[in-house]
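Let's take a friendly walk through a protein model together. Have a look at the picture first, and then we will go through it piece by piece.

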Amino acid sequence: MARRWRLAVICVACGVAVSGLELARGRTGTAVAMLVFFLVMALVASPLIFPGATAAPDGAPVVYWRPGCPFCLRLRAQLGADGARLTWVDIWQDPAGAAVVRGITGGDETVPTVVIGGEGFVNPDPRWLRERLRTA
């Protein structure tokens, strides 16, 4: 559980430290701006922006991801509302999901890995995935 939140906690800690230094220098506006920036980065790095995993119906598209992965974040952001149609499985929370990814990628845990119709795709282009979702 702690590993999922590590990057977000580091962002918050950095934001507090940088903001404290700026406040000590008398730069209140900069301190607030830096704190807001680091808090937004913490939110982006956290697992909060990904839908929770639910049991996927047979054949439903599944995205295997992990917190802190910039490619997972890019995929989630570019899919927008279409991303809610997918089942998102955090491989750090789901050992079976991690095993699926290792089986598809040849032994490593490269994410995002998308499974559609029983076929796995490693780090697919978000536009391609959106088109596949619309035709499915």
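Ala31, Phe38, Ala42 and Ala45 are the buried residues to find in helix H2 of this predicted model. Where do they sit around the axis of H2? They cover an arc of only 65 degrees, so they lie on the same side of the helix. A general point helps here: an α-helix has 3.6 residues a turn, so residues three or four places apart point the same way. Now turn to the other side of H2, where Gly29 and Val32 are exposed. The helix itself runs over residues 28–45, which makes 18 residues. From its first C-alpha to its last, H2 reaches 26 Å, close to the 26 Å expected.

Next comes the sheet. In which order do its 4 strands lie? The order is S2-S1-S3-S4, in an open sheet with mixed pairing. At the edges you will find S2 (87–90) and S4 (119–122), each pairing on one side only. From one strand to the next, the twist averages 20 degrees.

Strands of a sheet pair through backbone hydrogen bonds, either parallel or antiparallel. Here, S1 (residues 62–65) and S3 (residues 113–116) run antiparallel and are joined by 3 bridges. Look for valine 63, whose bridge partner in S3 is valine 114. Helix H4 (residues 95–105) packs on this sheet and touches S1, S2, S3 and S4. The direction of H4 makes about 90 degrees with that of S3.

Finally, some cysteines. Cysteine 69 counts as buried because its relative accessibility is 4%, under the 20% cut-off. Cysteine 72, at 0%, counts as buried too. The structure holds 0 disulfides.

Notes
Residues numbered from 1 in each chain as written. Predicted model: local features only at pLDDT ≥ 70, side-chain atom pairs only at ≥ 80, totals over all residues. Heavy atoms only, no water. Pairing = 2+ DSSP bridges. Helix = DSSP H or I, 4+ residues; strand = E, 2+ residues; numbered from the N terminus. Axes fitted to C-alpha atoms, helices over the stretch in contact; angles between N-to-C directions. Contact = heavy atoms within 4.5 Å. Disulfide = S-S within 2.5 Å. Buried < 20%, exposed > 50% of the residue type's maximum accessible area, 1.4 Å probe, protein only. Expected span 1.5 Å × (residues − 1). Arc of directions from axis to C-beta.
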